[in-house]
Every structure is written in structure tokens, then in C-alpha cells.
Amino acid sequence: MEKMVTKNFEETREEGKALAEKLRGGEVICLSGDLGSGKTTFTQGILEGLGAEKPYVSPTFMIMKKYELGARSREEKIKNVYHIDTYRIDEKAILDLGWEEMLEEKDSVIIVEWPERIKNIIPGLARWIEFKWIGENEREIADLSSGA
Ligand code: ADP
Ligand code: MG
């Protein structure tokens, strides 16, 4: 995926699933874009692809949800997925959640919605994906790190 337009939410979820196939642990995935642009839908695809247990809730009102994959993990390489939504909080609140320790976990994947709100603490190697509302059911998804 470099840059593409999905035509419905299922396609966006499928893109998330496709990304999940490539994850090995230790990744930080930054999803930027306006409200309703598809960040959580895409995340649900990643979670499904990794075999995380439902329900896949939007963490907007709870800041972070941790999914422990346990034996569900593909090849058991990835143990945890942290889905973080910084919409209502700031860098300090994320640091207080144990951000530095999360970054150290090489068998975890961290997904951040609204990453620009905490850009000072996002590692340089993070993968940035940008979502844009094109029409009622169309969303542009651009992987800003592809080719990097
Ligand atoms: P965000 O997390 O960026 O605020 P969500 O994924 O929560 O966005 O919401 C996206 C909304 O847009 C959902 O209600 C979804 O059903 C709808 N939608 C319509 N078309 C698409 C599409 N192509 N991709 C993703 N979501 C879509
Ligand atoms: Mg969201």
C-alpha cells in the first residue's frame, strides 16, 4: 500500500489486515487524519489480522486498550497490541501510561490515533499512515513511510 482509495469500510479493514501480515513486533504505527476518516476501522483490521480478541472498541474515551494475544498470536511472535487514542490527552498522560516501557517491548505493536498530538515522543522509525475523507464511503489511505 502506497496510496489508495477504499470504497467502503470493509476495504479499509482489509488494508489493516494486510498490514498485520507484515508486522513482526516492535512497530509503532501512527494513524493520522480527521475524525471519521477511518483510523479506528483500519485498526480493527490490524487487530483482526493479528488474531486479537474482540470487542475492538474505539479507545477515544479510554485513551488506551491493551490486547494480549497470547496463543492467538500468529507464530506467537507478537504478544501485545496497544491501541492508543490521544484525542483528549497530551504527551504527559501518555508517558504516565508507561510509554517508554511500551516502546522497549519488542514483541508488542503500538497503534496511535492522533499521533501529531504527541509527536515529540514518537520514535523516528514509526510508520506514518494518513487517512483522508474523500466522499461518504471513500477514504484515501497513504502510507507515508513506504519506500523508506
Ligand atoms: P476515525 O477513527 O478516523 O475517527 P472511524 O474508523 O471510527 O474513523 O470511522 C469511520 C467511519 O466512516 C465509520 O462509520 C465507517 O463505517 C465509515 N466509512 C465509510 N466508508 C469508509 C471507508 N472507505 N473506510 C473507512 N471507514 C468508512
Ligand atoms: Mg478513531
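This is a short dialogue on reading the features of a predicted model.

Reader: Start with the fold. How many helices and strands are there in the protein chain?

Author: Count the elements, then read their order. The protein chain has four helices and seven strands. Along the sequence the pattern runs β-α-β-α-β-β-α-α-β-β-β.

Reader: How compact is the protein chain for its length?

Author: Set the radius of gyration against the globule rule. The radius of gyration is 14 Å, and the rule gives 15 Å for 148 residues, so the protein chain is as compact as a globular protein of that length. The C-alpha trace spans about 40 × 35 × 30 Å along its principal axes.

Reader: What share of the residues counts as buried?

Author: Burial rests on relative accessible area, with under 20% as the cut-off. Of the 148 residues, 47% count as buried. The accessible surface of the protein chain is about 7,900 Å². Carbon and sulfur atoms hold 49% of that surface.

Reader: What part do residues 24 or more positions apart play in the contacts?

Author: Take the contacts with a separation of 6 or more. Residues 24 or more positions apart make up 65% of them.

Reader: Now the interior. Which residues of the largest nonpolar core touch the most other members?

Author: Look for the residues with many partners inside the core. The largest nonpolar core has 20 residues. Leu23, Ile29, Phe42, Ile46, Leu50 and Ile129 touch the most other members.

Reader: Which elements each supply at least two residues of this core?

Author: Helix 1 (9–22), strand 2 (28–32), helix 2 (39–50), strand 5 (108–113) and strand 6 (127–135) do. Helix 2 gives the most, with four residues.

Reader: Is there a separate core, and which residues does it include?

Author: A second, separate core has 15 residues. Among them are Cys30, Ile84, Ile118 and Ile121.

Reader: Take one core residue. With what is Ile129 in contact, leaving aside its neighbours within four places in sequence?

Author: Read the contact list by sequence position. Ile129 is in contact with Leu19, Ile29, Cys30, Leu31, Ser32, Phe42, Ile141, Ala142 and Asp143. One of these, Cys30, belongs to the second core.

Reader: On to the metal. Which residues are the protein donors of the magnesium ion?

Author: Find the donor atoms, then ask where their residues sit. For the magnesium ion (ligand 2), the protein donors are Thr40 (OG1) and Glu113 (OE). They lie 2.1 to 2.2 Å from the ion. Thr40 is in helix 2 and Glu113 in strand 5, so the pair links distant parts of the chain, 73 residues apart. Water is not among the atoms, so the site may look incomplete.

Reader: Are Thr40 and Glu113 buried or exposed?

Author: Thr40 is buried, and Glu113 is buried too.

Reader: Next, backbone geometry. Which peptide bond is cis?

Author: Check omega along the chain. The bond from Lys54 to Pro55 is cis, with omega near 5°. Pro55 lies in the loop between helix 2 and strand 3 (64–68).

Reader: What is notable about the phi of Trp114?

Author: Check phi for its sign. Trp114 has a positive phi of about 60°, although it is not a glycine. Trp114 sits in the loop between strand 5 and strand 6. Trp114 is buried, with a relative accessible area of 14%.

Reader: How many aromatic pairs are there?

Author: Ring centres and plane angles decide. The count comes to three. In one, the rings of Tyr56 and Tyr67 have centres 5.9 Å apart and planes at 75°, so the pair is edge-to-face. Tyr56 is in the loop between helix 2 and strand 3, and Tyr67 is in strand 3, 11 residues away. Both tyrosines are buried.

Reader: Last, two glycines. Where are Gly33 and Gly26?

Author: Place each one, then read its burial and contacts. Gly33 is in the loop between strand 2 and helix 2. Gly33 is buried, with a relative accessible area of 14%. Leaving aside neighbours within four places in sequence, Gly33 is in contact with Lys39, Trp114 and Phe131. Gly26 is in the loop between helix 1 and strand 2. Gly26 is partly exposed, with a relative accessible area of 30%. With the same neighbours left aside, Gly26 is in contact with Glu105, Lys106 and Ser108.

Notes:
Residues numbered from 1 in each chain as written. Chains lettered and ligands numbered in written order. Predicted model: local features only at pLDDT ≥ 70, side-chain atom pairs only at ≥ 80, totals over all residues. Heavy atoms only, no water. Core = buried A, V, L, I, M, F, W, Y, C linked by side-chain atoms within 4.5 Å. Buried < 20%, exposed > 50% of the residue type's maximum accessible area, 1.4 Å probe, protein only. Contact = heavy atoms within 4.5 Å. Donors = N, O, S within 2.8 Å, 3.2 Å for Na, K, Ca; no water. Rg over C-alpha atoms; globule rule 2.2 N^0.38 Å. Areas by Shrake-Rupley, 256 points an atom, 1.4 Å probe, with all protein chains shown as cover. Phe/Tyr/Trp six-rings, centres within 6.5 Å; stacked < 30°, edge-to-face > 60°.
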